[in-house]
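Here are my notes on the structure, set out as numbered points. Please read them beside the sequence and the model.

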Amino acid sequence: MSTKTFTCTLQVRWGDSDRLGHVNNTRFVEYLQEGRVQFLNAVFGGPGVEPAERPSGSGGAGVRGATVVRKLTTDFLHPILDDSGPLSIELWITRVGTTSYGVRHVVTDRDGTVCAEAEALMVAFDLATSTSRPLDEHERGLLGEYLHVE
């Protein structure tokens, strides 16, 4: 089992701060989403990104199939201020099930202080039927490369 971790950086934007002078909790959720989108694009392929091993004819409900967030749990551990960036977001997979998988997120500021930790439960989704769908073996293999047993 691999223990790959995906890392991306995001800037704190001018409009992210609230009247208390720190980044609002709703923006944390946006940062998590931005990191997750970059992760999924890197793993499964996305705009301008080609995954390492995409099977021919994949797409639609396959490797590029939709996923939705079923649950998101976030622990806010340290405030993010305007000068806290760039932020680093590390992501890895915590479990892979039949139709779903868990994504762990750790957000750190430029000094390495952990500002938030989050867990998202992602569900593979069939757009035609608006129901969950099984993850295929290729998807499971790609996600498995980032699987950390905690």
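1. In what follows, a residue is called buried when its relative accessible area is under 20%, exposed when that value is over 50%, and partly exposed in between. The model is predicted, and the points below should be read with that in mind. By this cut-off E30, with a relative accessible area of 32%, counts as partly exposed.

2. Helix α1 takes in residues 25-44, which makes 20 residues, and its first and last C-alpha atoms are 29 Å apart, close to the 28 Å expected at 1.5 Å a residue. Just after the helix, G45 adopts a positive phi of about 90 degrees.

3. Which residues of α1 are buried? They are F28, Y31, L32, G35, R36, F39, L40, V43 and F44. The cover over these buried residues includes the strands β1 (6-10), β2 (66-76), β3 (87-96), β4 (100-108) and β5 (114-126), together with helix α2 (137-144).

4. The salt bridges come to 9 by the distance rule applied here. In general terms, side chains of opposite charge can pair when their charged atoms come close. Within α1, R27 forms such a bridge with E30, the closest N and O atoms being 3.0 Å apart; R27 and E30 are 3 residues apart in the helix, and therefore separated by about one helical turn. R27 is partly exposed at 26% relative accessibility, and E30 is partly exposed as well, at 32%.

5. A further salt bridge brings together the side chains of D16 and R13, at 3.1 Å from N to O. Is each partner buried or partly exposed? D16 is buried, with a relative accessible area of 3%, whereas R13 is partly exposed at 30%. Both residues belong to a network of salt bridges that links R13, D16, R27, E30 and E34, so a reader checking the R27 and E30 pair, which lie 3 residues apart in α1, should look at this network too.

6. Between strands, the side chains of E117 and R104 meet in a salt bridge at 2.9 Å, N to O. Because E117 lies in strand β5 and R104 in strand β4, this pair ties together parts that are 13 residues apart in sequence. E117 is partly exposed, with a relative accessible area of 25%, while R104 is buried, at 18%.

7. There are 3 aromatic pairs in the structure. One of them, formed by F28 and F76, is edge-to-face, with 5.1 Å from centre to centre and 85 degrees between the planes. F28 lies in helix α1 and F76 in strand β2, so the pair ties together parts that are 48 residues apart in sequence. F28 is buried, with a relative accessible area of 5%, but F76 counts as partly exposed at 43%. Elsewhere, F6, F39 and Y146 form one aromatic cluster.

8. Strand β3 is largely enclosed by the rest of the structure, because 7 of its 10 residues are buried. How many bridges join β3 to β1, and how many join β3 to β4? There are 5 bridges between β1 and β3, which run antiparallel, and F6 stands opposite L91 in β3. Strands β3 and β4 also run antiparallel and are joined by 8 bridges, with R95 having G102 in β4 as its bridge partner. The connection from β3 to β4 is a hairpin through 3 residues.

Technical notes. Residues numbered from 1 in each chain as written. Predicted model: local features only at pLDDT ≥ 70, side-chain atom pairs only at ≥ 80, totals over all residues. Heavy atoms only, no water. Helix = DSSP H or I, 4+ residues; strand = E, 2+ residues; numbered from the N terminus. Expected span 1.5 Å × (residues − 1). Buried < 20%, exposed > 50% of the residue type's maximum accessible area, 1.4 Å probe, protein only. Contact = heavy atoms within 4.5 Å. Salt bridge = Lys/Arg side-chain N within 4 Å of Asp/Glu carboxyl O. Phe/Tyr/Trp six-rings, centres within 6.5 Å; stacked < 30°, edge-to-face > 60°. Pairing = 2+ DSSP bridges.
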